[in-house]
Amino acid sequence: MRREEGLSGAWGVIDLVQALTAALDAKSSYTRGHSDRVAELSWSIARKLGLGDQEAESARIAGHLHDIGKIGIPDSIISKPGSLLPEEFAAMKRHPVIGASLVKQVAHLSGFAPSVRSHHERWDGSGYPDGLAGEAIPLEARIICIADSFDAMTSARSYREQIDAQSAVDEMRRCSGTQFDPRLVDAFAQLFSTGKLPLMLRIEEQVNAEDVLPSYAETQ
Ligand SMILES: [Fe+2]
């Protein structure tokens, strides 16, 4: 995290976010590095959309925090190799709500609760936990959704090979208007085609099964 680019007067926020994400990383090697990459991607997407420094930095912090609710999910599910059983997937799907309630209790982080809660919503309203659709989904959450999905697809899994970045962008285009905000897909595709995605994303790591795009998983 780049402290020098933090929200003005936000050193306390940065420290809190680092402490929370360190706790999540300690719990699961599967998520290690994932939140950092989602944070940097989210910042890049926000800037590509023309958002200001403070909004972009907010998107970055929200990216760091997006999966913090996994702290409340049993280790047996978080670290399970392979696909989750339906009841395990149902438990995993609680993490946005857990995460939002967690950050809501921290005064300096409470403003990130809506983004944490809504990062698995889908543009067509078929996501969770609230079934929000379109612009009813907070913009920051829509940004994180793009970053999260790209990183999930381009990361190695225990039960399938990762796909390359171009294939991931193609898949996101296929899901534009259903899973993703079309305007954000366009912005992301432009970042990719102009070589402006953060290169730290090429680190190969495993992340959790719940991050797999259902539409992509169905094709495997
Ligand atoms: Fe998540």
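Me: Where does Thr154 lie?

Reply: In this predicted model, Thr154 is found in the loop that joins helix H8 (139-153) to helix H9 (165-174).

Me: How does one decide whether such a loop residue is buried or exposed?

Reply: The general idea is to count neighbouring C-beta atoms, with 20 or more within 10 Å as the threshold for a buried residue. Thr154 has 20 C-beta neighbours inside 10 Å and therefore counts as buried. Thr154 also has a partner further along the chain: its C-alpha atom and that of Ala168 are separated by 6.8 Å, although the two residues are 14 apart in sequence.

Me: What does the chain as a whole consist of in secondary structure?

Reply: The chain has 11 helices and 0 strands. Read from the N terminus, the order of elements is α-α-α-α-α-α-α-α-α-α-α. Of its 220 residues, 45% count as buried.

Me: What share of the contacts with a separation of 6 or more comes from residues 24 or more positions apart?

Reply: That share is 68%.

Me: Which residues have the most contacts inside the largest nonpolar core?

Reply: A nonpolar core is a set of buried nonpolar residues joined through C-beta atoms within 7 Å. In the present case the largest such core has 44 residues, and Ile45, Leu65, Ile146 and Met172 have the most contacts inside it. Two or more residues of this core come from each of helix H1 (11-27), helix H2 (34-48), helix H3 (53-65), helix H6 (95-104), helix H7 (113-117), H8, H9 and helix H10 (182-193). The greatest contribution to this core is that of H8, with 9 residues.

Me: With which residues is Met172 in contact, leaving aside its neighbours within four places in sequence?

Reply: With those neighbours set aside, Met172 is in contact with Ile146, Ser149, Phe150, Phe180, Val185 and Phe188.

Me: How should the packing of H8 and H9 be read, and at what angle do their axes cross?

Reply: One begins with the angle between the axes and the distance between them, and then turns to the residues that meet. The axes of H8 and H9 come within 9 Å and cross at roughly 135°. Because of this angle, H8 is oblique to H9. The crossing of H8 past H9 is right-handed. On the H8 side the residues are Ile146, Ser149, Phe150 and Met153, and they meet Ala168, Glu171 and Met172 in H9. Sorted by class, the contact of H8 with H9 comprises 5 nonpolar, 1 polar and 1 charged residues.

Me: How far apart are the axes of H9 and H10?

Reply: The axes of H9 and H10 are 10 Å apart, and the packing angle is about 160°. H9 is therefore roughly antiparallel to H10. H9 passes H10 with a left-handed crossing. From H9, Ala165, Val169, Met172 and Arg173 take part in the contact; from H10, Val185, Phe188, Ala189 and Phe192 do so. The residues in the contact of H9 with H10 are 7 nonpolar, no polar and 1 charged.

Me: At what angle do H8 and H10 pack?

Reply: H8 and H10 pack at about 50°, their axes being 10 Å apart. This angle makes H8 oblique to H10. H8 passes H10 in a crossing that is right-handed. Arg142, Ile143 and Ile146 of H8 make the contact with Leu184, Val185 and Phe188 of H10. In terms of class, the contact of H8 with H10 has 5 nonpolar, no polar and 1 charged residues.

Me: Which peptide bond is cis?

Reply: As a general matter, most peptide bonds are trans. Here the bond from Tyr128 to Pro129 is cis, with omega near 10°. Pro129 belongs to the loop between H7 and H8.

Me: Why does Phe112 count as buried?

Reply: The neighbour count is again the criterion. Phe112 is buried because 28 other C-beta atoms lie within 10 Å. Phe112 lies in the loop between H6 and H7. Apart from its neighbours within four places in sequence, Phe112 is in contact with Ile61, Ala62, Leu65 and Val103. For one of these, Ala62, the C-alpha to C-alpha distance from Phe112 is 6.0 Å, with their positions 50 residues apart in sequence as the separation.

Notes: Residues are numbered from 1 along each chain as its sequence is written. This is a predicted model: local features need pLDDT of at least 70, side-chain atom pairs count only at pLDDT 80 or more; totals for chains, interfaces and linings use all residues. Helices (H or I, at least four residues) and strands (E, at least two) are DSSP runs, numbered from the N terminus. A residue is buried if 20 or more other C-beta atoms lie within 10 Å of its own, exposed if 12 or fewer, and partly exposed in between; C-beta atoms are placed from the backbone. Two residues are in contact if their C-beta atoms, placed from the backbone, lie within 7 Å. Axes are lines fitted to C-alpha atoms, for helices over the stretch in contact, and angles run from 0 to 180 degrees between N-to-C directions. Angles under 35 degrees count as roughly parallel, over 145 as roughly antiparallel, 65 to 115 as roughly perpendicular and the rest as oblique. A crossing is left-handed if the near helix is turned anticlockwise from the far one by less than a right angle, and right-handed if clockwise. Ala, Val, Leu, Ile, Met, Phe, Trp, Tyr, Cys and Pro count as nonpolar, Asp, Glu, Lys and Arg as charged, and the others, Gly among them, as polar.
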